[in-house]
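Biologist: I am new to this structure and would be grateful for a guided discussion of it. May we proceed by question and answer?

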Amino acid sequence: MVYGGQIYVSIIGERDTDGDGLIARIENGKAVPFVTGLDDPKGLAVYQNWLYVTDKTKVWRVNMSAKEPKAEVFVDAKAFPIPPQFLNDIVVNPEGVIKVAEIHDLGIGRDAKELLRKVQAAQYVAEHPGEV
C-alpha cells in the first residue's frame, strides 16, 4: 500500500503467535516498523489520513499523520453480523465505505439453513446502512 509516496506492508510474524505482527514502512529497501503489537495483519487500505488493517477477526485503525502512530480497534469481531473466522482483504471506496473479505471453510451452499442465514444477514446489512 502506498501513502504519501511511501510503501507500507503488513507482516504477520510467527504463525499462531499473537502480538508479533506489524505494519512496516519500506525505507532504503528495508522494512522499518511503523505500528507493532498486531496479531496476523493482512489487508491494508487508506482513507483520508487513516490506515485500516484487517487482522484475524477485527479491523484496526491507525492515524497515519500522528507523531507516534498507534493501532486502535476500529471494528471488533462482535460488531460483525456473523463472527468472522479470518479477515483477509480490505478496501475503502471514495465515500469512505469500508468492505472486508474473509477466508473461511464454512462450506457455503452445503447446508441450506446456514446458507439462508448468511444470505439473510447480508440482506439485513444491505438494507440497514450505517447500522452494522
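**Two residues and their surroundings**

Modeller: In this predicted model, a polar atom of the Glu-102 side chain lies 2.2 Å from the backbone nitrogen of Gln-85.

Biologist: Which other backbone nitrogen lies 3.5 Å from a polar atom of the side chain of Glu-102?

Modeller: Glu-102 belongs to strand β10, which covers residues 98–102. Its contacts, apart from neighbours within four places in sequence, include Pro-83, Gln-85 and Asn-88. The backbone nitrogen at 3.5 Å from a polar atom of the Glu-102 side chain is that of Phe-86.

Biologist: How far apart in space, C-alpha to C-alpha, are Glu-102 and Pro-84?

Modeller: Pro-84 is among the residues in contact with Glu-102. The two are separated by 18 residues in sequence. Their C-alpha to C-alpha distance is 7.0 Å.

Biologist: Is Glu-102 buried, partly exposed or exposed?

Modeller: The relative accessibility of Glu-102 is 33%. Because this value falls between the limits of 20% and 50%, Glu-102 counts as partly exposed.

Biologist: Is Lys-58 buried or exposed?

Modeller: Lys-58 is located in strand β7, residues 58–63. Its relative accessible area is 14%. Since buried means under 20%, Lys-58 is buried.

Biologist: With which side chain does the side chain of Lys-58 make a polar contact?

Modeller: Not counting residues up to four places away in sequence, Lys-58 touches Val-53, Val-73, Val-75, Asp-76, Ala-77, Leu-87 and Asp-39. The polar contact of its side chain, at 3.5 Å, is with the side chain of Asp-39.

Conventions:
Residues numbered from 1 in each chain as written. Predicted model: local features only at pLDDT ≥ 70, side-chain atom pairs only at ≥ 80, totals over all residues. Heavy atoms only, no water. Helix = DSSP H or I, 4+ residues; strand = E, 2+ residues; numbered from the N terminus. Buried < 20%, exposed > 50% of the residue type's maximum accessible area, 1.4 Å probe, protein only. Polar contact = N/O pair within 3.5 Å; in protein donor to acceptor, adjacent residues only side chain to side chain. Contact = heavy atoms within 4.5 Å.
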